[in-house]
Amino acid sequence: MGKILGLFSLIIISIGLILGITLSLSQEKDKKGEIMENGSENININKIKETNITVTFDNNQYKDGLKTSWGFSCLIKGAEKTILFDTGGDDSILLENMKKLEIDSEKIDLIVLSHIHGDHIGGLDGFLKTNPKVYVYLPKSFPTSLKRNIEKYGTKVVDVQKPMEICKGIYSTGELGTWIIEQSLIIHTNKGMVVITGCAHPGIVKIVEKAKNIIKDKVLLVMGGFHLGNKSSKQIETIISSLKNMEVKYAGPCHCSGDNARKLFEKEYQKNYINIGVGKVINTKDL
Ligand SMILES: [Zn+2]
Ligand SMILES: [Zn+2]
């Protein structure tokens, strides 16, 4: 009887061990790409030499001949993957602007969507018709119906919740905010971080703080929609001084930042203010 009991407990222990190992292995797999809040060892060796950012969609004009419309989208080159950050509000305008800027949609590997508003995801469907082979990195909290709609094209969807490395030197802040959930993109270059925001609904200062928490490096440039249209000049000036205190070297507010904020940023940042609109190309080697 004792022997049988012994054998029985041995079997139970073995099953438990096997289950435990499989479970921890699968948890390991789920965490792939996610990085710790205080950074990973790879963070400093994965910096990229330089990046080239082209604004493909914005409500501000930079280059003649391109169409403006409410929304934001930009193309990021220089890392191991070519990335389209957001898709603007309208696919025909996005694709037409890309064509005029000589951007081949088939050469784009990844799309990162900042948040669910139509002026950032409106161009997605039309884009996927031209290149369904991209991977779409989106906030995990996006509705399942929207994710299934993307998968309908045969496109892979990647949920982002925690800060993660998207490819070498390129990171997502992970989901931020409470009401409107948003992720921002971080490009880690030899000269410091470039932080790109969609609408910055969680707050531009909070986003930069988060980026600094993840990467622990200086901020070369913050650009994108800063969502300051509803703020007073005084509030905007406080935000500018917070960014300056965080040693943000260059600032490029566009899209939903508001004309007043753009003016105030230009006044405070002077030669380090970057006037951004559709067609603007920024290369970090020039900064
Ligand atoms: Zn928005
Ligand atoms: Zn927006």
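This section describes the zinc site, the strand arrangement and the nonpolar cores of a predicted model.

The zinc ion (ligand 2) is bound by four protein donors, namely Asp119 (OD), His120 (NE2), Cys199 (SG) and His255 (NE2), at distances of 2.1 to 2.2 Å. Along the sequence, these donor residues follow the spacing D-H-x78-C-x55-H. The angles among the 4 donor atoms extend from 88 to 153°, and the site is classed as irregular. For four tetrahedral donors the ideal angle is 109.5 degrees. Because a tetrahedral assignment requires all angles to lie between 85 and 135 degrees, the upper value of 153° excludes the zinc ion (ligand 2) from that class. Cys199 additionally serves as a bridge to the zinc ion (ligand 1), with 3.7 Å separating the two ions. Asp119 and His120 are both buried.

An open sheet of 7 strands shows mixed pairing in the order β6-β5-β4-β3-β2-β1-β13. The edge positions are taken by β6 (156-160) and β13 (281-283); each has a single partner strand, so one side of each lacks a neighbour in the sheet. On average, neighbouring strands are turned by 20° against each other, direction ignored. Within this sheet, β4 (residues 110-112) and β5 (residues 135-139) run parallel and are joined by 3 bridges, with Ile111 opposite Val136 of β5. Helix α2 (residues 91-100) lies across β1, β2 and β3, at about 140° to β1.

The largest nonpolar core comprises 31 residues, of which Ile76, Ile170, Ile196, Leu221 and Met223 touch the most other members. Beyond its neighbours within four places in sequence, Leu221 contacts residues including Met193, Val195, Tyr250, Ile274 and Leu287. A second, separate core contains 30 residues, among them Ile43, Val222, Leu228 and Val248.

Key:
Residues are numbered from 1 along each chain as its sequence is written. Chains are lettered from A and ligands numbered from 1 in the order in which they are written. This is a predicted model: local features need pLDDT of at least 70, side-chain atom pairs count only at pLDDT 80 or more; totals for chains, interfaces and linings use all residues. Side-chain values use heavy atoms; hydrogens and water are left out. A nonpolar core is a set of buried Ala, Val, Leu, Ile, Met, Phe, Trp, Tyr and Cys residues joined through side-chain atoms within 4.5 Å. Buried means under 20% relative accessible area, exposed over 50%, partly exposed in between (1.4 Å probe, protein chains only). Contact means heavy atoms within 4.5 Å. Donors are N, O and S atoms within 2.8 Å of the metal (3.2 Å for Na, K and Ca); water is not among the atoms, so sites may look incomplete. Four donors count as tetrahedral if all angles lie between 85 and 135 degrees; four count as square planar and six as octahedral if opposite donors are over 155 degrees apart and all others between 65 and 115; anything else is irregular. Two strands pair if DSSP finds at least two bridges between them. Helices (H or I, at least four residues) and strands (E, at least two) are DSSP runs, numbered from the N terminus. Axes are lines fitted to C-alpha atoms, for helices over the stretch in contact, and angles run from 0 to 180 degrees between N-to-C directions.
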